[in-house]
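Work through the exercises below with the sequence and the 3D view open. Try each task before reading its solution.

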Amino acid sequence: GGVTLGSHTGSWIENILGEDNIYEQTEVPFRCKTSEITGGGGRNVTFRHNVMKNIKNNAFLFTTNYTDEFAVGKFKATNAGVFHDMLVEDCVVQGTKKATFKIYGMPGAEHYNITLRNVKIVNGKKQELKDYKNVVQENVTYTEDKNAK
C-alpha cells in the first residue's frame, strides 16, 4: 500500500496528510483496514494531489474485513474499527483490477464522512459500497480509454 492506516492498531490513527505522490502497480494506494477483532480506526485524513496507475487491487479502500493469518498477538477489541472524516481530493486513477473505490463496513460500525472530490478515474472498475454513512462524491468521473496503458 501507499498510505496505509490500520491492521493492528487498537486506537486511532489521525491527522494524516498523504499528498503529491505517484503510485504505479501498487496494491492499494490509500488503504484503511481494520477488523472486528483489531479495533482502532482512522480519522481526519486527507489524501490529495496523487496519481495512481495500473493498480493491482483498489485505489481507495476502507474495510472492516481485514484479516492477517500471520498476526502474532490475538486480542479482542472493545469496538470494531471505523474510518471517518476522510477526504480524497484532486486525484487521478489510471486502471484498477478491482473496484476503484471500496467501502466495506459492518452494521453498527459503519465508515462515515468520506468525501471524494475531483477524482478522475480512467479504466477503473466501478465502486463497491457496503455499511457506510455520509459518503459524498463530488466531480468523480469514470471514463474508458482503450489507448491508455
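The exercises that follow deal with a predicted model, going from the whole chain to single residues.

**Exercise 1. The chain as a whole**

Task: Find how many helices and strands the protein chain has, and what share of its residues is buried.

Solution.
Step 1. Count the elements: the protein chain has 12 strands and zero helices. Read from the N terminus on, every entry in the run of elements is therefore a β, as in β-β-β-β-β-β-β-β-β-β-β-β.
Step 2. Turn to burial. Of the 149 residues in the protein chain, 44% are buried, where buried stands for a relative accessible area under 20%.
Step 3. Look at the surface. The accessible surface of the protein chain is about 7,900 Å², and carbon and sulfur atoms account for 45% of it.
Step 4. Look at the contacts. Taking contacts between residues at least 6 apart in sequence, 81% join residues at least 24 apart.

**Exercise 2. The five-stranded sheet**

Task: Work out the order of the strands in the open sheet of five strands, and state which strands stand at its edges.

Solution.
Step 1. Trace the order, which is E1-E4-E7-E9-E11, with parallel pairing.
Step 2. Take the two ends. Strand E1 (3-6) and strand E11 (128-130) each have a single partner strand, so one side of each has no neighbour in the sheet.
Step 3. Compare directions. On average, neighbouring strands of this sheet are turned by 10° against each other, direction ignored.
Step 4. Go to one pairing. Strand E9 (residues 101-104) pairs with E11 over three bridges in the parallel sense. One residue to find is lysine 102, whose bridge partner in E11 is glutamate 128.

**Exercise 3. From E3 through E6 to E8**

Task: Follow the bridges from strand E3 to strand E6, and then from E6 to strand E8.

Solution.
Step 1. Start at strand E3 (residues 22-24), which is joined to strand E6 (residues 51-55) by three bridges, the two strands running parallel.
Step 2. Pick out tyrosine 23: its bridge partner in E6 is methionine 52.
Step 3. Carry on from E6 to strand E8 (residues 82-96), where four bridges join the two parallel strands.
Step 4. Methionine 52 serves again here, with valine 93 as its bridge partner in E8.

**Exercise 4. Aromatic pairs**

Task: Describe two of the five aromatic pairs found in the whole structure.

Solution.
Step 1. Choose the quantities. A pair of aromatic rings is described by the distance of the centres and the angle of the planes.
Step 2. The search of the whole structure gives five aromatic pairs. Among them is the pair of phenylalanine 30 and phenylalanine 47, with 4.7 Å centre to centre and 5° between the planes. Planes under 30 degrees apart count as stacked, so this pair is stacked.
Step 3. Place the two residues. Phenylalanine 30 lies in strand E4 (residues 30-33) and phenylalanine 47 in strand E5 (residues 39-48), 17 residues apart, and the pair thus links distant parts of the chain.
Step 4. Check burial. Phenylalanine 30 counts as buried because its relative accessibility is 0%, and phenylalanine 47 counts as buried at 1%.
Step 5. Take another pair. Phenylalanine 62 and phenylalanine 101 are 6.3 Å apart centre to centre, with 90° between the planes, which is edge-to-face. Phenylalanine 62 is in strand E7 (residues 60-63) and phenylalanine 101 in strand E9, 39 residues apart.
Step 6. Check burial again. Phenylalanine 62 is buried, at 0% relative accessibility, and phenylalanine 101 is buried, also at 0%.
Step 7. Join the rings up. One aromatic cluster is formed by Tyr23, Phe30, Phe47, Phe60, Phe62 and Phe101.

**Exercise 5. Two single residues**

Task: Decide whether histidine 84 and threonine 100 are buried or exposed, and list their contacts.

Solution.
Step 1. Locate histidine 84 in strand E8. Its relative accessibility is 8%, so histidine 84 counts as buried.
Step 2. Leaving aside neighbours within four places in sequence, histidine 84 is in contact with Trp12, Gly42, Arg43, Asn44, Tyr112 and Asn113. The C-alpha atoms of histidine 84 and glycine 42 are separated by 6.4 Å, although the residues are 42 apart along the chain.
Step 3. Locate threonine 100 in the loop between E8 and E9. At 0% relative accessibility, threonine 100 is buried.
Step 4. With neighbours within four places in sequence again left aside, the contacts of threonine 100 include Asn58, Phe60, Val93, Ile121 and Tyr142.

Definitions and conventions
Residues are numbered from 1 along each chain as its sequence is written. This is a predicted model: local features need pLDDT of at least 70, side-chain atom pairs count only at pLDDT 80 or more; totals for chains, interfaces and linings use all residues. Side-chain values use heavy atoms; hydrogens and water are left out. Two strands pair if DSSP finds at least two bridges between them. Axes are lines fitted to C-alpha atoms, for helices over the stretch in contact, and angles run from 0 to 180 degrees between N-to-C directions. Rings of Phe, Tyr and Trp (its six-membered ring) pair if their centres lie within 6.5 Å; planes under 30 degrees apart count as stacked, over 60 as edge-to-face and the rest as tilted. Buried means under 20% relative accessible area, exposed over 50%, partly exposed in between (1.4 Å probe, protein chains only). Contact means heavy atoms within 4.5 Å. Accessible areas come from the Shrake-Rupley method with a 1.4 Å probe; for residues, only the protein chains shown count as cover.
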